[in-house]
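Reader: I am in my first year and would like a close look at one part, followed by its setting. What lines the largest cavity?

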Amino acid sequence: MTPREVLALCRERDVKTVDLRFVDFPGVWQHTTIPVKHLTEDIFEDGLGFDGSSIRGWQVIHESDMLIVPQPATAFVDPFTELTTLNLICNIHEPITGESYSRDPRNIAIKSVNYLNSSGIADTAYFGPEAEFFIFDDIRYDQNQHEGYYHIDSCEGQWNRGRVESPNLGYKIRHKEGYFPVPPADQLMDVRNDMMQTMIQCGIDVECQHHEVATGGQSEIDLRFAELVTMADQMMMYKYIVKNTARKHGKTVTFMPKPLYGDNGSGMHTHLSLWRDDQPLFAGDGYAGLSDMAMYAIGGLLRHAPSLLAFTNPTTNSYKRLVPGYEAPVNLAYSQRNRSAACRIPMYSASPKSKRIEFRCPDPSCNPYLAFAALLMAAIDGIQNKISPGDPLDKNIYDLPPEEARAVPKTPGSLEAALDALEEDHDYLMRGDVFTEDVIETWIQYKRVHEVDALRLRPHPFEFCMYYDL
């Protein structure tokens, strides 16, 4: 869609306001709204000014002026606003030079695709994330100097089997038994259908929706794979649509990786494939039908996984999900079909076009622009340096004898450890000026100060259960 076509769409749909959206450093959409009469073709070139110092991880107060530049191909009509509103995803530029801002996550994603093209390896990187989330009925939480707590509730929650509901109709989903039950056990089908239909209405190609493994409303809506930047845009739309549809139904959604103790967390298994001239490059006659290029890409992902997780699993809560011995893929190995390995090669189809790598560590708390860009850069490094992934591990890793299990490398055990790994291993991210030094340094500093240290300094409610009577 061109700027002129966007203006025509505004007239056709009788748009009243235009919402300009961009993603902050941690990965949350921000916005500003203008009357439709102020949307001109010039704005798509010149942008609009705003204060970048108020955005997390961005400019300092004395260098705060920034430009927000709408991208016409991202236009979609907002399905939730009372006034007819057109949404446009934007890039961020420096006002003096006009150059793309180095810490704009969307700009980093664009640069990663440009680097792929300049490398000659491929001309397209397709991504297919599978984002899971919880739909709750009620959430209360607080933390201050003298108290800290959270309270979650769900009509499906196993803990509500004995609650007086006048009447309680039963059909509460047991822990780890939420995968694919039909209604009435699945009480959220209509909500997810509404989410799915709204996504389709906004131009997103949805493949399916279903209940996920955990009790308490865990859900998943799968999208058809798309080019890297487009898919990152769609993941931001996905979160917006899911949260606002839930709110419309009087419910609340979280993409927090591990909100419930004792049940599955929410991951975002991410599928990756490279193509050139509309031909798949990961199909071959090697292990699991993979090409040498695909094997080297796996090698890059496994080699750099500890530092990758600083972007793909970027919260302290992420590592409540990535715990050895449970459902999450903490073992840095690869296998066909085996879901206990960090890298899996799906075997649903023999078609070369379906051949891809699934990296199972990520979770939906990540900034998709940064996560996808980092994954692509790790895969490229593996291909360029012909990094061998070693032998596959076609066993249930959780059943290995202790001596064999110890030999399998593991993911970092905390956000702090992942940030330490990123500090030591980030040269592969900086090739082609994709991730700049200021991006890496700012990310590490922001996460350490605002998340790692913030949690470390506060007593945890469970510590009172363990230690109060000492």
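Author: The lining of the largest cavity divides into 5 nonpolar residues, no polar ones and 1 charged one. Here Ala, Val, Leu, Ile, Met, Phe, Trp, Tyr, Cys and Pro count as nonpolar, Asp, Glu, Lys and Arg as charged, and the others, Gly among them, as polar. The residues in question are Met235, Lys239, Met268, Pro364, Cys366 and Pro368. The largest cavity has a volume of about 30 Å³ (the space filled by probe spheres set on grid points, which are joined across faces, edges and corners). The structure holds 1 cavity of 30 Å³ or more. On a 1 Å grid over the protein atoms alone, a cavity is a set of points where a 1.4 Å probe fits but cannot get out; a pocket is an open set with protein on both sides within 12 Å along at least five of seven lines, and lining residues have an atom within 4 Å of a point.

This is a predicted model, in which local features need pLDDT of at least 70 and side-chain atom pairs count only at pLDDT 80 or more, while totals for chains, interfaces and linings use all residues. Residues are numbered from 1 along each chain as its sequence is written, and side-chain values use heavy atoms, with hydrogens and water left out.

The second largest pocket has a volume of about 920 Å³. Of the 41 residues that line this pocket, Glu130, His269, His271, Arg344 and Glu358 are the closest to its centre. Its lining divides into 14 nonpolar, 11 polar and 16 charged residues. Strand β7 (124-136) supplies at least two of the lining residues, as do β10 (206-211), β11 (218-223) and β14 (268-276). The largest share, 6 residues, comes from β7.

Now the whole protein. Its secondary structure comes to 13 helices and 18 strands (DSSP runs numbered from the N terminus: H or I, at least four residues, for helices; E, at least two, for strands). The C-alpha trace spans about 65 × 60 × 50 Å along its principal axes. A compact globule of 470 residues would have a radius of gyration near 23 Å, and the protein agrees, with 23 Å. That radius is taken over C-alpha atoms, and the globule rule is 2.2 Å times the number of residues to the power 0.38. Of the 470 residues, 55% are buried (under 20% relative accessible area; exposed is over 50%, partly exposed in between; 1.4 Å probe, protein chains only). Among contacts (heavy atoms within 4.5 Å) between residues at least 6 apart in sequence, 68% join residues at least 24 apart.

One example of a buried residue is Thr442, which counts as such because its relative accessibility is 14%. Thr442 sits in helix α12 (residues 437-456). Apart from neighbours within four places in sequence, Thr442 is in contact with Phe25, Gly57 and Arg103.

Salt bridges come last. The whole structure has 24 of them (a side-chain nitrogen of Lys or Arg within 4 Å of a carboxyl oxygen of Asp or Glu). In one, the closest N and O atoms of Arg21 and Asp19 are 2.7 Å apart. Arg21 is buried at 5%, and Asp19 is buried at 3%. Glu165 takes part in a bridge with Arg163 at 2.8 Å and in another with Lys172 at 3.2 Å. Glu165 is partly exposed at 26%, Arg163 is partly exposed at 31%, and Lys172 is buried at 11%. With Asp153, these three residues are linked in a network of salt bridges.
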